[in-house]
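The following exercises are to be worked through with the model at hand. Each task is followed by a solution in steps.

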Amino acid sequence: MAWSLIFWFVSFCFNIALLVLNFYQLLVLTDLEADYLNIYDSSSRINKLVVPEFLVQGLFCSLFLFTGHWFMFLITVPVSCYHINLFLKREHLIDVTEVFKTLKREKYFRFAKLIFYLLLFLVVIFRIVMVAGMKSVFDSAPEDIDIRSTVLEF
């Protein structure tokens, strides 16, 4: 039980990192569109965060693979494949000369990834609560367990 709680807490940390990285990139693109940042600053800020985001997403996906959480692995595989595809085509970095051509598309994809990471965040929070709730139910004495504990068992 304790290992499961630790696993979901590590997943929570990875998910928070992905949310922060993606939200910051979306914020920089919005500032570029509103002309608060110049092209060079915004592209350098985003390009510094692209590869770390890809690595954290790859670790997040492989964590689910190696621990046997197949449903969560299958949910995170498409985003990892999308990142690998971008990296292999060398389209993962924002080009300074063509940033305004691709601004709408980049914002759309980052917004879609933000929604995806928020949904994963909700699933991870739900699993943390479930594992912590099951741990507290199993730590109690048999006479303390009531009818609600049968709902928590899988």
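The solutions begin with contacts: leaving aside its neighbours within four places in sequence, Glu106 is in contact (heavy atoms within 4.5 Å) with Leu29 and Ile94. The model is predicted, so local features need pLDDT of at least 70 and side-chain atom pairs count only at pLDDT 80 or more, while totals for chains, interfaces and linings use all residues. Residues are numbered from 1 along each chain as its sequence is written, and side-chain values use heavy atoms, with hydrogens and water left out.

**Exercise 1.** Determine the place and the accessibility class of Glu106, and name its polar partner.

Step 1. Glu106 belongs to helix H4, residues 103–139; helices are DSSP runs (H or I, at least four residues) numbered from the N terminus.

Step 2. Glu106 is classed as buried because its relative accessibility is 13%; buried means under 20% relative accessible area, exposed over 50%, and partly exposed in between (1.4 Å probe, protein chains only).

Step 3. The side chains of Glu106 and Arg110 form a polar contact of 2.3 Å. Such a contact is a pair of N or O atoms within 3.5 Å; within protein, one must be able to donate a hydrogen and the other to accept it, and residues adjacent in sequence count only if both atoms are side-chain atoms.

**Exercise 2.** Locate Asp35 and describe its backbone.

Step 1. The loop between helix H1 (2–33) and helix H2 (39–67) holds Asp35.

Step 2. Asp35 is not glycine, yet its phi is positive, near 65°.

Step 3. Asp35 counts as exposed because its relative accessibility is 63%.

Definitions and conventions: Helices (H or I, at least four residues) and strands (E, at least two) are DSSP runs, numbered from the N terminus.
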